[in-house]
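Me: Please walk me through this structure in short questions and answers.

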Amino acid sequence: MATTSPLAPTASPPGDEPDPLAPPPFTPLRTERLTIRPLRPEDAADLHRLVNDWEVAKTLARVPFPYPRDLADEWIASTRAQMAAGQAWHLAITGLEGAGTAEEREVLVGCIGLTRDAAKREAELGYWVGRRFWGHGVGPEAAARIVSWAFAHIDVDRLVASALVDNERSQKLLGRIGFRDAGEGVRDFVARGGPMPVKLFAMTRADLPAPPAAPAAPAPALEDAPGKKILLVAACALIDGDGRVLLARRPEGKPLAGLWEFPGGKVHAGETPEAALIRELKEELAIDVAESCLAPFAFASHGYEKFHLLMPLYLCRRWSGPVTAVEGQALAWVRPQKLSDYAMPPADKPLVALLRDFL
Ligand SMILES: Nc1nc2c([nH]c(=O)n2[C@@H]2O[C@H](COP(=O)(O)OP(=O)(O)OP(=O)(O)O)[C@@H](O)[C@H]2O)c(=O)[nH]1
């Protein structure tokens, strides 16, 4: 168990302006055997039964022991407020047990949470699993899923976690899902009545396991010369009547998921960059663009670990049809001065500076 799955309610942030980078409402996540979903008031009795167990509580920094029953109700209510504020996501891990309909068979197995530190662009992972469900791989299955979700949907560059120095099981779990050692520290443990030594862990987007390779790669390599292959990608800055630029968020499961980018994609064999862009804009945004409306603007040339990206960037001010997120990707119309608030792939940095000066 990682130490910080705070089960005592924390204050909500002051009601400031809506955050343009705030994530959309949480949609339940599924893994092979588990569901991760918002906690509901009716989970309180089960939550209390599972967490009011010394073997569980002793590994968690903010959980008192014994755990008062009404704290479970308060905690669940506070998780909903924190999630609505985009501040923390403390969620139920459930699985199916016994016979009957899926609804009847759904049981609470544990909890998993992320608490965001917006200033540091990071979030802290915490989780626990009820003792009855130990030894079934619930922790790694749920934690790997939430970590992949976090990088794609929360505006963070880093996730952190900690585990008691003697909690080797939790340390191993964190290592298995991509966390690296980040030293040692000390944390207050409510149930232990004081500070305890912990191991610290951290991971970035680059530590996520690589997504499975696409079945049929288009033909992205320009040449097979020694060294890295050159990947040709055509991208477009769509500019609306107010001079705002469209950014799209790379969806979960793709490399660099969660970063914001210019719509576009790989140039297929036999395609011109313009034809590729017209196809991609139709596929991704359901808009029709004429080649004459694509104005070459600049290009990115950037060495990634596995390939070298060559990416012409076009400007486009005219298209037909409403811009639609066909692939469910988040979209944002962004003023040029605000572009740098959005985390983008490293190749895009010089393009952003050029666009800001030009627009
Ligand atoms: N579209 C786009 N791709 C970018 C940008 N910046 C950047 O580094 N890239 C990189 O260019 C590559 C584009 O690949 P992609 O996966 O989006 O291409 P695609 O739409 O053809 O996807 P697919 O292979 O899943 O069909 C990725 O490695 C991506 O990280 C950008 O601003 N826009």
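**Ligand shell, cores and strands**

The residues of the shell around the ligand divide into ten nonpolar, two polar and four charged. Here Ala, Val, Leu, Ile, Met, Phe, Trp, Tyr, Cys and Pro count as nonpolar, Asp, Glu, Lys and Arg as charged, and the others, Gly among them, as polar. This is a predicted model: local features need pLDDT of at least 70, side-chain atom pairs count only at pLDDT 80 or more, and totals for chains, interfaces and linings use all residues. Residues are numbered from 1 along each chain as its sequence is written.

Me: Which strand gives the most to the shell around the ligand?
Reply: A residue is near the ligand if its C-beta atom, placed from the backbone, lies within 6 Å of it. By that rule 16 residues surround the ligand, with Glu 261, Gly 264, Gly 265, Lys 266 and Pro 345 the closest. Strands S9 (229–238), S12 (264–266) and S14 (307–316) each supply at least two shell residues, strands being DSSP runs of E with at least two residues, and helices runs of H or I with at least four, numbered from the N terminus. The most, three residues, comes from S12.

Me: Where does UniProt place the feature "domain: Nudix hydrolase"?
Reply: The entry is unreviewed. UniProt positions are in the numbering used here, feature names are shortened, and annotations may be inferred rather than shown by experiment. The span is 17% helix and 33% strand, and its end C-alpha atoms lie 32 Å apart. UniProt gives residues 228–357.

Me: Why is one side of S11 and of S15 left without a neighbour in the sheet?
Reply: Two strands pair if DSSP finds at least two bridges between them. The open sheet has three strands in the order S11-S10-S15, paired antiparallel. S11 (260–261) and S15 (331–334) stand at the edges, so each has a single partner strand.

Me: Which residue of S15 is the bridge partner of Leu 247?
Reply: S10 covers residues 245–249. Four bridges join S10 to S15, and the two run antiparallel. The partner of Leu 247 is Ala 332.

Me: Which helix gives the most to the largest nonpolar core?
Reply: A nonpolar core is a set of buried Ala, Val, Leu, Ile, Met, Phe, Trp, Tyr and Cys residues joined through C-beta atoms within 7 Å. Buried means 20 or more other C-beta atoms within 10 Å of a residue's own, exposed 12 or fewer, partly exposed in between, with C-beta atoms placed from the backbone. The largest core has 58 residues, and Ile 146 is one of those with the most contacts inside it. Nine of its residues come from helix H5 (138–153).

Me: Which residue stands opposite Ala 123 in S6?
Reply: S6 spans residues 158–164, and six of its seven residues are buried. S5 (122–129) and S6 pair in the parallel sense over three bridges. Opposite Ala 123 stands Leu 159.

Me: Is Arg 121 exposed, partly exposed or buried?
Reply: Arg 121 lies in the loop between S4 (106–117) and S5. Its phi is near 55°, positive in a residue other than glycine. Arg 121 has 13 C-beta neighbours inside 10 Å, so it counts as partly exposed.

Me: What is the omega of the peptide bond from Phe 65 to Pro 66?
Reply: Pro 66 sits in the loop between helix H2 (54–57) and helix H3 (69–84). The bond is cis, with omega near -5°.
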